[in-house]
Amino acid sequence: MIKLSDRDLQDFQEAVDWKTGMCLPDGRVLGVEGKRGKVSKGNDSRVALVKEMIDPAHGTVLEVGCCEGIHTLQLAAVARHVTALDVRPKNIVCTLTRLFVHDIKNVTVKLADARFLDAKEGHFDVLFHVGVLYHLMDPVEHLFAIRDLADSLVLDTHVTHADTAFPRDDIQYNGKSYRAHLYREGGWSDVFSGVEPASRWLDQDALVQVLRDAGYATVEVVQERAERNGPRVCIVAHRQAKAARHAA
């Protein structure tokens, strides 16, 4: 962390319209309480999964949807280099500010739309894909497009089940049908929403099948949880077979 007076911190606080917050090493907070009234402290369990997968001296991570850089900061501590992408310029500014204050130099931040992401972005050891898939209108096409970006995938997303109240809207791809439901998004002005009016959430079993069809040799649901908007899962997948973990 850089040397930061209270006045400096206040100026950084006022420089952008923060929507999230994280504790600094000295206990002060950069940002604000997030959408659930909380400030991030310590390492996220999904970042811990990445830490188990890679050598910190050599490993590279591609983060899809960095938002305001809270996960980016944590990933930078467990990887040699992180490339962080986001579609909103405001989020890019917040992420760069957070990285600067923490004196992090092993991160490249890029303005990019996940809907148009493909293998041209390069190749990485781990693809960190948290909180983005359920904002896409065609998550199936997206998963096929990004499958060659990394050897391993940490995917955290909302899913649906048979009893969901959302309207049914299955996705057709490569001659197969994947069960999905339509979800209404909040629009561009809502930093926690997708950029389209609506998105489609895959059924949990359909999501696992998509990943297998896309070429992942091992696909494991390591966590299932109930959230305000609906069920959510964390999945670890590898292009080549690896030993399974125990579900959390």
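Which residue in β6 does Val64 stand opposite? Val64 stands opposite His129. This is a predicted model. Its open sheet has seven strands, in the order β5-β4-β3-β6-β7-β13-β12. The points below start with that sheet, then move to His129, the salt bridges and Glu121.

**The sheet as a whole**

- The pairing in the seven-stranded sheet is mixed.
- β5 (107-111) and β12 (218-227) stand at the edges. Each has a single partner strand, so one side of each is left without a neighbour in the sheet.
- From one strand to the next, the twist averages 15°.
- Helix α6 (residues 204-213) packs on this sheet. The helix touches β7, β12 and β13. Its direction makes about 155° with that of β12.

**Strand by strand**

- β3 and β6 run parallel, and four bridges join them.
- Strand β6 covers residues 124-130. Six bridges join β6 to β7, and these two strands also run parallel.
- In that pairing, Leu127 stands opposite Leu153 in β7.
- What lies between β6 and β7 in their β-α-β unit? The answer is helix α5 (residues 139-145), and the unit is right-handed.
- On to β13 (residues 230-238): seven bridges join β7 to this strand. Here the two strands run antiparallel.
- Val154 stands opposite Val236 in β13.
- Is strand β7 mostly covered or mostly open? Strand β7 (residues 150-158) is mostly covered, with eight of its nine residues buried.
- In a regular strand, side chains alternate between the two faces of the sheet.

**His129, inside the sheet**

- His129 sits in strand β6.
- Why does His129 count as buried? The relative accessible area of His129 is 0%, and buried means under 20%.
- Its side chain makes a polar contact of 2.8 Å with the side chain of His142.
- Leaving out residues up to four places away in sequence, His129 touches Val64, His142, Ile146, Leu153, Val154, Leu155 and Asp156.
- Some of these names have come up already. Val64 is the residue that stands opposite His129. Leu153 stands opposite Leu127, and Val154 stands opposite Val236.

**Salt bridges**

- How many salt bridges does the count give? It comes to 21.
- Side chains of opposite charge can pair when their charged atoms come close.
- Lys19 and Asp17 form one salt bridge through their side chains, at 3.3 Å from N to O. Lys19 is partly exposed, at 32% relative accessibility. Asp17 is partly exposed too, at 47%.
- The side chains of Glu68 and Lys90 form another, at 3.0 Å from N to O. Glu68 lies in the loop between β3 (60-64) and α3 (70-76), and Lys90 is in helix α4 (residues 89-101), so the pair ties together parts that are 22 residues apart in sequence.
- Is Glu68 buried or exposed? Glu68 is buried, with a relative accessible area of 1%. Its partner Lys90 is partly exposed, at 30% relative accessibility.
- Arg232 forms a salt bridge with Glu227, with the closest N and O atoms 3.4 Å apart. Arg232 is buried, at 8% relative accessibility. Glu227 is partly exposed, with a relative accessible area of 22%.
- Which residues are linked with Arg232 and Glu227 in a network of salt bridges? They are Asp44, Arg46, Asp156 and Arg225. Asp156 is also one of the residues that His129 touches.

**Glu121, in a loop**

- Glu121 lies in the loop between β5 and β6.
- At 23% relative accessibility, Glu121 is partly exposed.
- The side chains of Glu121 and Lys110 are joined by a polar contact of 2.9 Å.
- Setting aside neighbours within four places in sequence, Glu121 is in contact with Leu62, Thr83, Leu85, Lys110 and Leu149.
- Where is Asp17 relative to Glu121? The two are 104 residues apart along the chain, and their C-alpha atoms are separated by 29 Å.

Methods. Residues are numbered from 1 along each chain as its sequence is written. This is a predicted model: local features need pLDDT of at least 70, side-chain atom pairs count only at pLDDT 80 or more; totals for chains, interfaces and linings use all residues. Side-chain values use heavy atoms; hydrogens and water are left out. Buried means under 20% relative accessible area, exposed over 50%, partly exposed in between (1.4 Å probe, protein chains only). Two strands pair if DSSP finds at least two bridges between them. A crossover is right-handed if, with the strands pointing away from the viewer, the path from the first strand over the helix to the second runs clockwise. A polar contact is a pair of N or O atoms within 3.5 Å; within protein, one must be able to donate a hydrogen and the other to accept it, and residues adjacent in sequence count only if both atoms are side-chain atoms. Contact means heavy atoms within 4.5 Å. A salt bridge is a side-chain nitrogen of Lys or Arg within 4 Å of a carboxyl oxygen of Asp or Glu. Axes are lines fitted to C-alpha atoms, for helices over the stretch in contact, and angles run from 0 to 180 degrees between N-to-C directions.
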